[in-house]
Amino acid sequence: MGNHFEFYFEVLHVPKHSSPQEIRTAYRALVKKWHPDKHPPSSRPEAEAKFKAISEAYKVIIDQQDNRAMVGAESPRHRSQELQRPRRTSPIRTKPPSVERKLGCTLEELCRGCKKDVKFTRDIVTSNGLIVGKEETQTIWIKPGWKKGTKITFEGKGDERPGCFPADIVFVISEKEHPIFKRVGNDLVLKAEVPLVNALTGWSFSFRLPTGEKMNCSFQDEIIYPEYEKVIEGQGMPSAHEKGVRGNLRIKFHIVFPKQLSVEQRSSIMELLKGGT
């Protein structure tokens with residue numbers, strides 16, 4: 001079975017020349033660890049794929065060892081006769097490249113986490129060798145803080161081809177454009193336009209964070225100047241790897257200058273500037 005047979009030993013984390021007892025011991029420990037019922041919904045797809053791979057590896061190795069034991073038990077005469085006849089060897093089964101599909105998520109979904117039931121069509125090989133399309137559904141649990149490019153792999157759930165192992169299917173997270181926020185790492189950047197008069201005299205505005213929480217910002221004692229940036233710590237995206245850790249919210253201001261000013265507005269601005277000198 002070539003190199004692919006050695007791969008099954010790697011799946012069970014045992015040396016190639018392990019005894020049947022050693023293989024059974026390793027198999028029992030791994031199926032206990034990766035049984036899907038012992039995993040939360042967020043890691044259950046990975047556990048199901050591992051459990052399936054471990055079961056397949058154990059079956060192939062044990063079947064191969066049983067076949068070798070049967071050959072060893074045959075009489076010398078039978079073996080010598082068999083060596084004089086040409087033997088048909090099974091072709092080595094290869095595995096096609098993984099199939100990748102995009103999984104679009106909103107900033108709110110990546111911030112809060114969510115459940116997505118993804119439908120897709122894959123090729124399968126029927127019992128009579130025909131290739132037909134089959135619709136499948138997989139449940140993906142989006143973890144808070146996941147980023148663009150995060151990959152979720154389902155082993156053996158991709159396209160099938162005759163004489164090959166089923167390909168894996170990989171869903172790649174893509175982030176949909178948000179009308180207000182831009183994500184930079186775990187920080188959120190908000191660009192806000194403020195009229196010149198309000199930039200000088202004070203300004204308040206409100207908006208909703210991707211968490212759904214409403215935030216009010218007031219700038220009464222601060223002068224908002226061109227390229228001014230306000231950083232609010234801990235109001236960005238959650239970290240996917242550190243529980244309770246969040247990025248920052250960065251508010252960048254764009255000052256809108258009026259096309260014209262009334263006499264009263266000019267006088268008010270002049271008075272304001274005189275007061276600041």
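Leaving aside its neighbours within four places in sequence, which residues is R122 in contact with? Let's walk through this predicted model and find out.

R122 sits in strand β2, which covers residues 114-125. Beyond its neighbours within four places in sequence, R122 is in contact with V132, G133, K134 and E136, and also with G156, K157, G158, D159 and E160. One of these partners deserves a second look: the side chains of R122 and E136 make a polar contact at 2.9 Å. Is R122 buried or exposed? Its relative accessible area is 7%, and because buried means under 20%, R122 counts as buried.

Now turn to another part of the chain, where you will find S18. This residue belongs to the loop between α1 (2-12) and α2 (20-34). S18 has a relative accessibility of 7%, so it counts as buried. Its side chain reaches the backbone oxygen of P15 at 2.7 Å. If you set aside residues up to four places away in sequence, S18 touches I23 and Q65.

From here we can look at the nonpolar cores. The largest has 39 residues, and those with the most contacts inside it are I142, F205, F207, L249, I251 and F253. Apart from it lies another core, made of 19 residues, including I23, A53, Y58 and F165. You have already met I23, as a residue that S18 touches.

Finally, take a closer look at I142 in the largest core. Not counting its neighbours within four places in sequence, I142 is in contact with L103, C105, E109, L110, G113, C114, K116 and I173.

Key. Residues are numbered from 1 along each chain as its sequence is written. This is a predicted model: local features need pLDDT of at least 70, side-chain atom pairs count only at pLDDT 80 or more; totals for chains, interfaces and linings use all residues. Side-chain values use heavy atoms; hydrogens and water are left out. Helices (H or I, at least four residues) and strands (E, at least two) are DSSP runs, numbered from the N terminus. Buried means under 20% relative accessible area, exposed over 50%, partly exposed in between (1.4 Å probe, protein chains only). A polar contact is a pair of N or O atoms within 3.5 Å; within protein, one must be able to donate a hydrogen and the other to accept it, and residues adjacent in sequence count only if both atoms are side-chain atoms. Contact means heavy atoms within 4.5 Å. A nonpolar core is a set of buried Ala, Val, Leu, Ile, Met, Phe, Trp, Tyr and Cys residues joined through side-chain atoms within 4.5 Å.
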